[in-house]
Amino acid sequence: MEKVMAALEDLRGIDTAYGLDTDVISRLQAEISEAVVCTPVIGKFSSGKSALINTVLGYSYKILKEDITPETAIPAEIVYTESEDVVTIIRNDGAYTRLSVDDFRKYEADANTVKSARIQLRNSFLEEIPDVMLVDMPGFESGFEIHNKAIDQYLPQSLAYIVTFPADDMIVRSSVGNILKELCLYDMPLCVVITKYDKRNDDFEVTFEKLKESLRRFVGDREIRYCRTSSFTGDAEELEEFLKEIQEKSREILANKYKTLVIPVLEHTQNYLNTTLNGSQLSESELDEKNDKLKRQLSSLDSRFSKEQEDFDLEISECIEEIKSDVQRAMESEESTLVAMALNNQNINDHLNSVVRNAVTVSVQKRFIPKVEKYLKKVAKVINSESIEDVTISFVFDAEKINKGMVGGIVAVVAGLLLGVPILGILAAIFMKLSGNKKREKAKQDIRQKLRSEVFPQVMKEVGHGIEMTITRQIKLVNTSIEEELASQKNTLEKAMADLRRQIDEEKAKKENLAIDIKADLERIEEIKHGLL
């Protein structure tokens, strides 16, 4: 990271000397100065997440409240600072409020209006992991869909997830199990922390083995790190070691990320200098010829990029329909389970939400992401093939970042739209019939019919719209990013040509002025000579 920062500072000096824009350098420097590895702590409501983090922090008083209601639970980002302790409350509208740690301990958040809290602490343990950001996530099974959205918010930027299970309740419920399946789709390292270890019973080891077996049903053969902790005894050494290991990897991970982003910025300046150097030896007519060639190649590049965009748009229309079909099939495959749940008067919303989320995640990973990556590779090939003598227009992309960001964004939107489907209202009439002693088989048929004719179509209406809307937006963001990168490189090359033109004009003016001065001096010499005669 030090090399990356030094490279940017050296580049700033060069760009400033030649009058090149340094806004991108400033943005990268600001981003790097705050870059951390995001590590959320998740689990069911009241599983001891906040107490766990309080234990890790080691204060004699609690930073995070441990007995809160779902309505006041918001993500709390905890990071190290070398300055004074401070808490920033960030609202959904972008406004923020700064609080002291003492005031934050008394603060009652509204999960509907507050996005998150960022807690910066001058803490001895956090000083050992300065590049790691712990996030105390709202609990599952609290009845608040906003908590699921919080998970979606942090998924694209996370390196690892810590999942908590209290020692007196080590049951893998479907809510946590489904999230684990989703995390595994991103190849996300997992650490399972057993909290409240002091409350374990005599059968703990047997129950612990059953927990491991249950987890394997959701995560397969994936390696899981297990830690045992107790806030009562202040024991969190195993988790602290895990976090230190993340810290050891973090600098390399962050450095590799930013090296990829810095290289294109370096190439911008390199292109400018190459263009200027090559053009400095040209005559005015040769410079005109080179300038015309540049314009033709840039115009050709725009045309080829537009063609790739058009071809990609045609592919995506078909892809969206395939994703919708995958979601439809996933719901239909769960029909028997949904019927049984409805017959037992269980709320099917959560299960249906999980089915749709997982179906969208898998389908987007399988169908949409490969098409995006193929498109970006083709665009990169088109752009990178264009060169003007020693100048190359380049384009690079971070496939992993695009993958996580797109999938997480699409799933988050779909999950939010599902809240608007009145599933319980649709099935309410059937529940009334059940209370009138209708035969169970007839009730099954009625529920199945309602699912097929009303519930599934309404879900697909909302989900289909969400998938189409979000994918369209994601593609627009990608194309805008490419267009901005191309425009930036074009502007750099055009500035180089303009600077050369200005230099030639200045040289021409200097020669003309010199000729005038010489003529004036010659006339003066003649006058002096004439005066001497």
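How many residues apart in helix H10 are lysine 307 and aspartate 311? They are four residues apart, which places about one helical turn between them. Keep that pair in mind while we tour the close-ups.

This is a predicted model, in which local features need pLDDT of at least 70 and side-chain atom pairs count only at pLDDT 80 or more, while totals for chains, interfaces and linings use all residues. Residues are numbered from 1 along each chain as its sequence is written, and side-chain values use heavy atoms, with hydrogens and water left out.

**View 1. The whole chain sets the scene.**
The protein chain has 15 helices and eleven strands. Helices (H or I, at least four residues) and strands (E, at least two) are DSSP runs, numbered from the N terminus. Of its 533 residues, 46% count as buried; buried means under 20% relative accessible area, exposed means over 50%, and partly exposed is in between (1.4 Å probe, protein chains only). The accessible surface comes to about 27,400 Å², and 49% of that belongs to carbon and sulfur atoms. These areas come from the Shrake-Rupley method with a 1.4 Å probe, and for residues only the protein chains shown count as cover. Among contacts between residues at least 6 apart in sequence, 81% join residues at least 24 apart. A contact here means heavy atoms within 4.5 Å.

**View 2. Lysine 307 and aspartate 311 pair up along helix H10.**
The two residues form a salt bridge, with their closest N and O atoms 2.9 Å apart. A salt bridge is a side-chain nitrogen of Lys or Arg within 4 Å of a carboxyl oxygen of Asp or Glu. An α-helix has 3.6 residues a turn, so residues three or four places apart point the same way. Lysine 307 is partly exposed at 44% relative accessible area, and aspartate 311 is also partly exposed at 28%. The whole structure holds 23 salt bridges.

**View 3. Glutamate 321 and lysine 324 make another bridge in helix H10.**
Here the N to O distance is 3.4 Å. The partners are three residues apart in the helix, again separated by about one helical turn. Glutamate 321 is partly exposed at 45% relative accessibility, whereas lysine 324 is buried at 17%. You can also look for a network in which Glu322, Asp326, Arg329 and Arg367 are joined by salt bridges that share partners.

**View 4. Arginine 225 reaches glutamate 245.**
The closest N and O atoms of this salt bridge are 2.8 Å apart. Arginine 225 sits in strand E9 (residues 224-228) and glutamate 245 in helix H9 (residues 237-279), so the pair ties together parts that are 20 residues apart in sequence. Arginine 225 is partly exposed, with a relative accessible area of 29%, and glutamate 245 is partly exposed too, at 31%.

**View 5. Glutamate 308 is a buried residue of helix H10.**
The helix spans residues 284-333, and glutamate 308 has a relative accessible area of 14%. Leaving aside neighbours within four places in sequence, glutamate 308 is in contact with Tyr375, Lys378, Val379 and Val382. For contrast, find lysine 295, which is also in helix H10 but is exposed at 53% relative accessibility. The C-alpha atoms of lysine 295 and glutamate 494 are 9.0 Å apart, although 199 residues separate them along the chain.

**View 6. Helices H1 and H2 pack against each other.**
H1 (residues 2-17) and H2 (residues 23-33) meet at an angle of about 160°, and their axes are 10 Å apart. Axes are lines fitted to C-alpha atoms, for helices over the stretch in contact, and angles run from 0 to 180 degrees between N-to-C directions. That angle makes H1 roughly antiparallel to H2; under 35 degrees counts as roughly parallel, over 145 as roughly antiparallel, 65 to 115 as roughly perpendicular and the rest as oblique. The residues that meet include Val4, Met5 and Leu8 in H1, and Ile25, Ser26 and Leu28 in H2.

**View 7. Serine 50 is buried in the model.**
Serine 50 lies in helix H3 (residues 49-57) and has 13% relative accessibility. Apart from neighbours within four places in sequence, serine 50 is in contact with Leu64, Lys65, Glu66 and Asp136.

**View 8. Helix H11 is followed by asparagine 345.**
The buried residues of H11 (residues 335-343) are Glu335, Leu338, Val339, Met341, Ala342 and Leu343. Just after the helix, asparagine 345 takes a positive phi of about 60°.
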